[in-house]
Amino acid sequence: MSLYSTDALDTNPILRTIDSRNLVVFGDVISPAVHTDQSLRKVLTFSNNDNEAQIPWYKTMNLIDIFRLAGYHTTWISNQEALSIYGNAPEIIARRSDRVVFSGFGTYNLRHDGVILDLYDKLKGMDNHQKNLYVFHLMGTHQKYARRYPLAYDVFSAKDIASTWLTDKQRSVSAQYANALLYNDFVVSEIIKRFADSDSLVFYFSDHGDEVYDFRDFLGHADNMASRFMVEIPFMVYMSDGFLTRYPSIAECVQKARNLPFMIDDFIHALLDIAGIETLDFDSTRSVFHAKYDAKHKRKVYGRDYDSEMKQVARRY
Ligand SMILES: [Zn+2]
């Protein structure tokens with residue numbers, strides 16, 4: 001994403017025009033795993049990479065049930081599979097919501113992520129709740145990249161990819177990845193637009209990354225080959241003008257946190273902190289927005305230390 005790299009293709013022409021007071025782009029965030037199910041089971045519950053042996057995800061509270069108990073109306077709209085081995089845990093947690101809508105059924109008949117916008121617009125008309133939590137589960141930029149965007153976003157091609165060591169085929173795939181990012185820029189900005197005129201917060205992050213020939217001849221994600229490129233993820237917080245006016249001290253906490261190291265297996269602590277929801281399981285040292293946040297906490301992925309070990313691999317151009 002060009003929001004994260006000045007030498008990348010311009011894949012964020014819309015998001016980069018949003019004022020940095022409203023859209024806070026975090027610079028040092030990683031995922032706890034390289035697969036959707038392994039990652040989201042920790043993002044959405046109090047289970048994390050440190051405690052998973054004692055506290056598996058299905059034995060602890062999840063975000064959806066907590067928000068319901070706190071009086072929120074919860075809606076989950078997904079463009080991932082309704083039934084699969086890849087999304088088992090998030091699917092179960094999704095179904096705890098007041099409303100759950102899946103755009104399709106299996107992996108291969110999925111539509112482009114824009115379908116999420118249509119589904120939301122339809123549901124929105126029926127809403128009259130005071131407090132709402134919406135989860136939009138995008139397909140994002142998963143392989144096969146060429147399946148992730150409509151023809152209008154077929155903008156970049158092999159000749160735009162600068163790497164010197166890639167084959168023509170690999171350059172084409174890299175260009176398809178860039179096109180998928182460009183379409184994702186449109187989808188995410190359209191989601192943000194829908195919350196701009198209300199008192200809202202929008203969090204955007206990926207549950208893992210993909211390695212796209214970043215330093216070796218490898219494409220995709222695999223836990224036995226986990227690399228920094230599979231866990232380094234975008235993480236952004238959008239705050240509407242109404243939110244900024246009403247909660248200036250929260251806005252300041254968000255701005256201050258933007259460069260802190262964070263791993264999203266602790267997302268539940270950060271979100272509950274911002275939302276002002278208190279639970280017994282909440283741990284202030286795990287909320288990146290809290291004064292007591294432990295920024296020195298070791299981030300281990302599959303037992304390997306991200307900062308001292310995984311991060312030491314350089315990208316090859
Ligand atoms: Zn995934």
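# Strands, zinc and salt bridges

Me: How many bridges join strand 3 to strand 4?
Reply: Strand 3 (residues 73-78) and strand 4 (residues 99-102) run parallel. Strands are DSSP runs of E with at least two residues, helices are runs of H or I with at least four, and both are numbered from the N terminus. By the way, this is a predicted model, where local features need pLDDT of at least 70, side-chain atom pairs count only at pLDDT 80 or more, and totals for chains, interfaces and linings use all residues. The number of bridges joining strand 3 to strand 4 is four.

Me: And how do I read the numbers and side-chain values? Which residue of strand 4 stands opposite threonine 75?
Reply: Residues are numbered from 1 along each chain as its sequence is written, and side-chain values use heavy atoms, leaving out hydrogens and water. Threonine 75 belongs to strand 3. Its opposite number in strand 4 is arginine 99.

Me: What is the order of the strands in the open sheet?
Reply: Two strands count as paired if DSSP finds at least two bridges between them. Strand 3 has six bridges to strand 5, and these two run parallel; histidine 73, for one, stands opposite asparagine 132 in strand 5. Strands 4 and 5 sit at the edges with a single partner each, so each has one side without a neighbour in the sheet. The order of this three-stranded sheet is therefore 4-3-5.

Me: By how many degrees are neighbouring strands of this sheet turned against each other on average?
Reply: The angle comes from axes, which are lines fitted to C-alpha atoms (for helices, over the stretch in contact), and angles between N-to-C directions run from 0 to 180 degrees. For this sheet, direction is ignored, and the average turn is 10°.

Me: Is strand 3 largely enclosed or open?
Reply: Buried means under 20% relative accessible area, exposed means over 50%, and partly exposed is in between (1.4 Å probe, protein chains only). In a regular strand, side chains alternate between the two faces of the sheet. Here His73, Thr75 and Ile77 point one way, while Thr74, Trp76 and Ser78 point the other. Six of the six residues are buried, so the rest of the structure leaves strand 3 largely enclosed.

Me: Which residues coordinate the zinc ion?
Reply: A donor is an N, O or S atom within 2.8 Å of the metal (3.2 Å for Na, K and Ca), and water is not among the atoms, so a site may look incomplete. In this site the donors lie at 1.9 to 2.1 Å, and their spacing in sequence is T-x105-H-x65-H. The coordinating residues are Thr36 (OG1), His142 (NE2) and His208 (NE2).

Me: How many residues apart in sequence are the parts that the two histidines tie together?
Reply: Histidine 142 is in the loop between strand 5 (132-137) and helix 5 (168-193), and histidine 208 is in the loop between strand 6 (201-205) and strand 7 (211-212). Histidine 142 is buried at 15% relative accessibility, and so is histidine 208 at 7%. The parts they tie together are apart in sequence by 66 residues.

Me: How many of helix 5's 26 residues are buried?
Reply: The expected span of a helix is 1.5 Å times one less than its number of residues. Helix 5 reaches 38 Å from its first C-alpha to its last, close to the expected 38 Å. This helix is mostly covered, and its number of buried residues is 20.

Me: How far apart are the closest N and O atoms of glutamate 52 and lysine 42?
Reply: The two form a salt bridge, meaning a side-chain nitrogen of Lys or Arg within 4 Å of a carboxyl oxygen of Asp or Glu. Glutamate 52 is in the loop between helix 1 (36-43) and helix 2 (63-69), with lysine 42 in helix 1. Glutamate 52 is partly exposed at 38%, whereas lysine 42 is buried at 6%. Their closest N and O atoms are separated by 3.0 Å.

Me: Which residue forms a salt bridge with arginine 68?
Reply: Arginine 68 lies in helix 2, and its partner is in the loop between helix 3 (88-94) and strand 4, 30 residues apart. The closest N and O atoms are 3.3 Å apart. The partner is aspartate 98.

Me: What is the total count of salt bridges?
Reply: Among them is a network that links Asp28, Arg299, Asp307 and Lys311. Another joins aspartate 10 to arginine 16, at 2.5 Å. The total is 22.
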